[in-house]
Amino acid sequence: MKLRNFQDAFVDALYDVKSPFLRGISTQPGFTVYRNTVMKGAVDALQANFPSVERLVGTEWFVAAATLYARQSPPVDARLIYHAAGFAEFLDDFEHAQQLPYLGNVARLDRLWNLCHTAADEPGIDINQIASLTPEDLATLQLKPRAAARWAWFADQPVFSIWHHNRLALDMPEQLDWQGEGALLVRSAGVVSWQPLDVGGCAFLDACAAGKPLADAAQHASGLQPSLDILELLTRLVGADVFVATEPS
């Protein structure tokens, strides 16, 4: 057997995929110990990467679900902080999570936190750059979100509130308005912070990420949320260190 084929078969056997090439090896007690160690590493990574999900469901439930996920979706990167890009989708479809329909979206926010935490460093925009622009130049300014800025809108669930309270191990409020919420997460000066973001703010950032100039991004966002105060939103986003900037077109 070629080395590459052996390596692929060995990894498959670790995750209980039957391989005729390794039938003798995979039944040995030492291999079982090795398999259990690898599986525990994958589950431990899921616990580290999705702490808000674990707090919601409890450790026993989480470990059981994470073990199932790890068997069907082994890590593809040795850096386990990147493990489980598809965990939210797994939870969406997981039979035992159907009574918690927001669980996959909570996992998505945990995932966004990891992406912010591990994103490449980029210099933030200089606030004086915006303040010195003419109205004409400001309208054509392209504001590019930093790699360390992530956002999401959840139209039907108060996902940000649920995630925020569980991320910080806070008690949930007795009354929670069941309505759509958005979230903005940004790493600045080495620290990931977060804040709620409404549908207009999320739409504005979507437009900026697509390369739209400021005037077009503002129009797009206002079309979805007519009450949106673009100046207040822009001030808040710049203050949160969301953007790097390109020159006016």
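**Reading the cores, a helix and some unusual residues**

Colleague: Let me start with one side chain. Which residues is F62 in contact with, leaving aside its neighbours within four places in sequence?

Modeller: Bear in mind that this is a predicted model. With those neighbours set aside, F62 is in contact with L46, Q47, F50, V53, E54, V57 and F87.

Colleague: How does that fit into a nonpolar core? Which residues touch the most other members of the largest one?

Modeller: The largest nonpolar core has 33 residues, and those touching the most other members are L46, F50, V53, F62, F87, L109 and L185. At least two residues of this core come from each of α3 (29-49), α4, α5, α6, α7, β2, α10 and β3. Helix α7 gives the most to this core, with 7 residues. Both domain 1 (1-101) and domain 2 (120-249) contribute, with at least three core residues from each. Apart from this core lies another, of 27 residues, including I125, I130, C202 and L228.

Colleague: And the chain as a whole? How many helices and strands does it have?

Modeller: The chain has 13 helices and 5 strands. Of its 249 residues, 41% are buried. Among contacts with a separation of 6 or more, 66% join residues 24 or more positions apart. The chain exposes about 13400 Å², and carbon and sulfur atoms supply 54% of that area.

Colleague: Now a single helix. How many residues of α10 are buried?

Modeller: A general idea helps here: an α-helix has 3.6 residues a turn, so residues three or four places apart point the same way. In this structure, helix α10 (residues 159-167) is mostly covered, with 8 of its 9 residues buried. The buried ones are V159, F160, S161, I162, W163, H165, N166 and R167.

Colleague: What do the buried residues of α10 pack against?

Modeller: Their packing partners are α4 (51-57), α7 (103-118), β2 (149-154), β3 (181-188) and β4 (191-196).

Colleague: How should I read backbone angles? Where is A169, the residue with a positive phi of about 55°?

Modeller: Most residues other than glycine have a negative phi. A169 takes its positive phi just after α10. Another case is A84, whose phi is near 80°; A84 sits in the loop between α5 (59-72) and α6 (87-93). A third is D241, with phi near 65°, in the loop between α13 (230-239) and β5 (243-245).

Colleague: Why do A84 and D241 count as buried?

Modeller: The cut-off is under 20% relative accessible area. A84 is at 5%, so A84 counts as buried. D241 is at 19%, so D241 is buried too.

Colleague: I always check cysteines. How many disulfides does a search of the whole structure find?

Modeller: As a reminder, a disulfide is a covalent bond between the sulfur atoms of two cysteines. The search of the whole structure finds 0 disulfides. As for individual cysteines, C116 is buried, with a relative accessible area of 0%. C202 also counts as buried, at 3% relative accessibility.

Colleague: One last residue. Where does Q225 lie, and is Q225 buried or exposed?

Modeller: Q225 lies in the loop between α12 (214-224) and α13. Its relative accessibility is 14%, so Q225 counts as buried. Not counting residues up to four places away in sequence, Q225 touches D198, V199, G200 and G201.

Technical notes:
Residues numbered from 1 in each chain as written. Predicted model: local features only at pLDDT ≥ 70, side-chain atom pairs only at ≥ 80, totals over all residues. Heavy atoms only, no water. Buried < 20%, exposed > 50% of the residue type's maximum accessible area, 1.4 Å probe, protein only. Helix = DSSP H or I, 4+ residues; strand = E, 2+ residues; numbered from the N terminus. Contact = heavy atoms within 4.5 Å. Areas by Shrake-Rupley, 256 points an atom, 1.4 Å probe, with all protein chains shown as cover. Core = buried A, V, L, I, M, F, W, Y, C linked by side-chain atoms within 4.5 Å. Domains from an automatic or database assignment. Disulfide = S-S within 2.5 Å.
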